[in-house]
Amino acid sequence: MRFQKLHVRKFRCARCLPWIISTMVYAVCAQGAETATEETFRAPDASRIKAGLDALGIEDGWHIVVGDEHDVVEQTAAEELQRFLAQAGLTASVAPESQAPGSRRFLLGRLANLEALREPAAAGVVRIGDVSAEDDGFHLTRAGEDIVVAGANPRGVLYGVYAFEDFVTAGASGPLDIRKVPQIAARFYSVP
């Protein structure tokens with residue numbers, strides 16, 4: 001009752017009431033969300049990542065290979081993979097394809113900018129050629145000794161790296177063969 005009297009005195013405009021209530025609700029939810037975020041989104045521990053990488057046979061000394069002419073998003077994907085491997089104590093260098101060694105490689109890129117993906121794609125191991133460049137699709141698989149993250153576009157490469165992280169963190173059980181093509185109705189919406 002006291003709140004109502006205060007409200008009537010200070011805020012005579014009825015249009016202000018929804019704004020005040022929504023602001024109060026947002027403040028309460030935001031305060032609760034901070035603690036939920038801290039508890040829910042903790043980074044996995046190094047031993048769990050190391051166990052997943054061991055299951056895939058990945059140890060120190062692997063190389064992350066990007067195309068000679070790569071996009072900034074593909075460079076970000078390589079840096080994210082490098083950061084993820086470092087959480088388990090592994091070091092991996094990022095190198096353009098023309099300077100990369102021939103074994104123990106993570107191949108990150110698109111068919112258009114990474115020559116090393118063309119042979120596995122022709123053999124049917126990497127299935128990304130039929131995905132439109134407008135889609136953010138990717139194919140994460142193993143091609144011989146290499147681990148391939150092939151994207152339909154640069155965002156697809158980044159999403160493939162995140163899928164690899166999820167796969168490893170979950171324990172890396174089963175074969176490494178993840179192909180996803182999200183269905184996006186429209187990337188941009190106009191405001192009427």
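**A colleague's note on buried charges, a helix and some salt bridges**

1. D146 and R105 are both buried, and they make a good place to start reading this predicted model. The two residues form a salt bridge, with their closest N and O atoms 2.7 Å apart. Since D146 belongs to strand β5 and R105 to strand β3, the pair ties together parts that are 41 residues apart in sequence.

2. Let us stay with D146 for a moment. Strand β5 covers residues 146-151, and D146 lies in it. The relative accessible area of D146 is 9%, so this residue counts as buried, the cut-off being under 20%. Setting aside neighbours within four places in sequence, D146 is in contact with R104, R105, L107 and T141.

3. Which side chain of opposite charge is nearest to E97, and how far away is it? It is R105, at 5.8 Å, and E97 has no salt bridge although it is buried. For a salt bridge, the side-chain nitrogen and the carboxyl oxygen have to be within 4 Å. E97 is found in the loop that runs between β2 (93-96) and β3 (105-109).

4. What does the side chain of E97 reach instead? One partner is the backbone nitrogen of E115, at 3.0 Å. Another is the backbone nitrogen of A116, which lies 2.7 Å from a polar side-chain atom of E97. Beyond four places in sequence, the contacts of E97 include V65, V66, G67 and D68, along with N113 and L114.

5. Next, please look at helix α4, residues 72-87. Its 16 residues reach 23 Å from the first C-alpha to the last, close to the 22 Å expected at 1.5 Å a residue. Seen down the helix axis, the buried residues of α4 fall within an arc of 125°, so they line one face. Those residues are E74, A77, A78, L81, F84 and L85. They pack against α3 (46-55), β1 (63-66), β2, β3 and α6 (154-169).

6. The two ends of α4 deserve a glance as well. At its start, a side-chain oxygen of D71 comes to within 2.9 Å of the backbone nitrogen of V73. After the helix comes G89, which has a positive phi, near 85°.

7. Is I58, in the loop between α3 and β1, buried or exposed? Its relative accessibility is 1%, so I58 counts as buried. I58 and I147 are 89 residues apart along the chain, yet their C-alpha atoms are separated by 9.7 Å. I147 is also one of the residues in contact with I58, as are L53, L90, F106 and F164, leaving out neighbours within four places in sequence.

8. How many salt bridges are there in the model? The count comes to 10. One of them joins R118 to E115, with the closest N and O atoms 2.4 Å apart. Here R118 is partly exposed, at 36% relative accessibility, and E115 is exposed, at 52%. There is also a network of salt bridges that links E80, R83 and E165.

9. Finally, R127 forms a salt bridge with D177, where the closest N and O atoms are 4.0 Å apart. This pair links distant parts of the chain, 50 residues apart: R127 is in the loop between α5 (118-122) and β4 (138-143), and D177 is in strand β6 (residues 177-180). R127 is partly exposed, with 37% relative accessibility, and D177 is partly exposed too, with 41%.

Technical notes:
Residues are numbered from 1 along each chain as its sequence is written. This is a predicted model: local features need pLDDT of at least 70, side-chain atom pairs count only at pLDDT 80 or more; totals for chains, interfaces and linings use all residues. Side-chain values use heavy atoms; hydrogens and water are left out. Helices (H or I, at least four residues) and strands (E, at least two) are DSSP runs, numbered from the N terminus. Buried means under 20% relative accessible area, exposed over 50%, partly exposed in between (1.4 Å probe, protein chains only). Lys and Arg count as positive and Asp and Glu as negative; His and the chain ends are not counted. A polar contact is a pair of N or O atoms within 3.5 Å; within protein, one must be able to donate a hydrogen and the other to accept it, and residues adjacent in sequence count only if both atoms are side-chain atoms. Contact means heavy atoms within 4.5 Å. The expected span of a helix is 1.5 Å times one less than its number of residues. The arc is that of the directions from the helix axis to the C-beta atoms.
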